[in-house]
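Colleague: I would like to go through some of the labels given to this model, and the reasons behind them.

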Amino acid sequence: MKLRIFTEPQQGATYDELLAVAQTAERLGFDAFFRSDHYVRFGSGDPGAGSTDAWTTLAGLARETSTIRLGTLVTPVTFRLPGPLAISVAQVDQMSGGRVELGLGTGWLDVEHTAYGIPFPPIGERFGRFEEQLEIIAGLWTTPVGKTFSFEGAHYRLADSPALPKPVQSPKPPIIIGGAGAKRTPRLAARFADEYNLPFHPLDDTVVAFDRVRRACEAEGRESIRFSVAQTVCVGTDDAEIARRAEATGHGLAGLRASGLAGTPAEVVEKIGEFAKLGVERIYLQVLDLSDLDHLELIAAEVLPHV
C-alpha cells in the first residue's frame, strides 16, 4: 500500500506553504504529493491568498524535490486545451526527472468557471471533450519522435502536430481517472487510465465502483488496472488530539470516523487494511490543515510502517 499526500490549495495556500508540505512528505517517505486543480475556495471562509495554479505549482515543486511523485486530482478538461496541457505535463515530467502523474476529469465547479471567464458547457459536452482530450494527450506523448500526430474530433482538431516535447516516462506519464459515475467513467477508465480513483466514499460504495471498472476492463479486453481511493485523514494519539485536528479541518469528528480515515493510528491502520482487501494499492490522504506538519510526522511514524 502506498500512502500519498493530497492537498486542497484552493482553500487558501501559498506556494511556500505547499512546498513545505511537499518537502516534509518527501522527507518522511510518503509516495507522492498531489494537489487539487481549482481556482476558488469551497464554501465560506477566509480565502487567504487565493488559489494557486496547479501546473505552475508542480513545475516549481519538480525542481525543489527529488524523489516524491507529483500530480493532480484532478485537472478539469475545461481549464486547458489538450495540446498545451500535454506540453505542460511533459515539461514538468522532464523538470522532475520523470515523477509526474496526470489526473484528468470533466470539471464540475461552475462558480470557478464564472469567476475567471472559463466556458462551462453541459455535462454531456464535457464528457465528450474529456474523451477526446484523453485520446489526444496520450497520442501526443506516444507518437514516435520524428513523426506527427493528427486528430479530428467533434471538439478538437490537430493537424500534423510535431507532438513535442516528450515526457521522460515511457511510453507516457500515468493517467488517473476518478469519480463514481456508473457508465461513462468506468468505460473511459478502462480505455485510457493507468489508475482508477474513487474519492471520499465508504467501503460498500468502493466495492460497487471497483466492480463496475473491472467489468469495463473485461469488455475492453484488459486484464487489470490500478485501484486507489482518496480519504480525508485525521490522526491523533488520543481523543483530544483527534478532536482538535477534526475541528481544524472544518469536519465533525463523528462524520470523519464514519466516512474518512480518522482516529488513533491503530484505528486508521485497521481501516486502511479494509481498503487493501478490496484491491486498493494507493490511498490519497486528504490533508486539510497544511500548517500542521506534526500531523504528517505522526502518520509517517505510526501508520506508514504498518501498511
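Colleague: Why does Asp 160 count as exposed?

Modeller: Exposed means over 50% relative accessible area, buried under 20%, and partly exposed in between (1.4 Å probe, protein chains only). Asp 160 has 56% relative accessibility, so Asp 160 counts as exposed. This is a predicted model, in which local features need pLDDT of at least 70, side-chain atom pairs count only at pLDDT 80 or more, and totals for chains, interfaces and linings use all residues. Residues are numbered from 1 along each chain as its sequence is written, and side-chain values use heavy atoms, with hydrogens and water left out.

Colleague: What is Ala 163 then, buried or exposed?

Modeller: Ala 163 is at 4% relative accessibility and therefore counts as buried.

Colleague: What makes the phi of Ala 163 worth listing?

Modeller: Phi of Ala 163 is near 55°, a positive value in a residue other than glycine. Asp 160 is also not glycine, and its phi is positive, near 50°.

Colleague: Which peptide bond at Pro 165 is cis?

Modeller: The bond joining Leu 164 and Pro 165 is cis, with omega about 0°. Another cis bond runs from Ser 170 to Pro 171, with omega near 5°.

Colleague: How do you know that three of the residues lining the largest cavity are charged?

Modeller: Asp, Glu, Lys and Arg count as charged, Ala, Val, Leu, Ile, Met, Phe, Trp, Tyr, Cys and Pro as nonpolar, and the others, Gly among them, as polar. The lining includes Arg 245, Asp 289 and Asp 292, and the full division is four nonpolar, two polar and three charged.

Note on methods
On a 1 Å grid over the protein atoms alone, a cavity is a set of points where a 1.4 Å probe fits but cannot get out, and a pocket is an open set with protein on both sides within 12 Å along at least five of seven lines; lining residues have an atom within 4 Å of a point.
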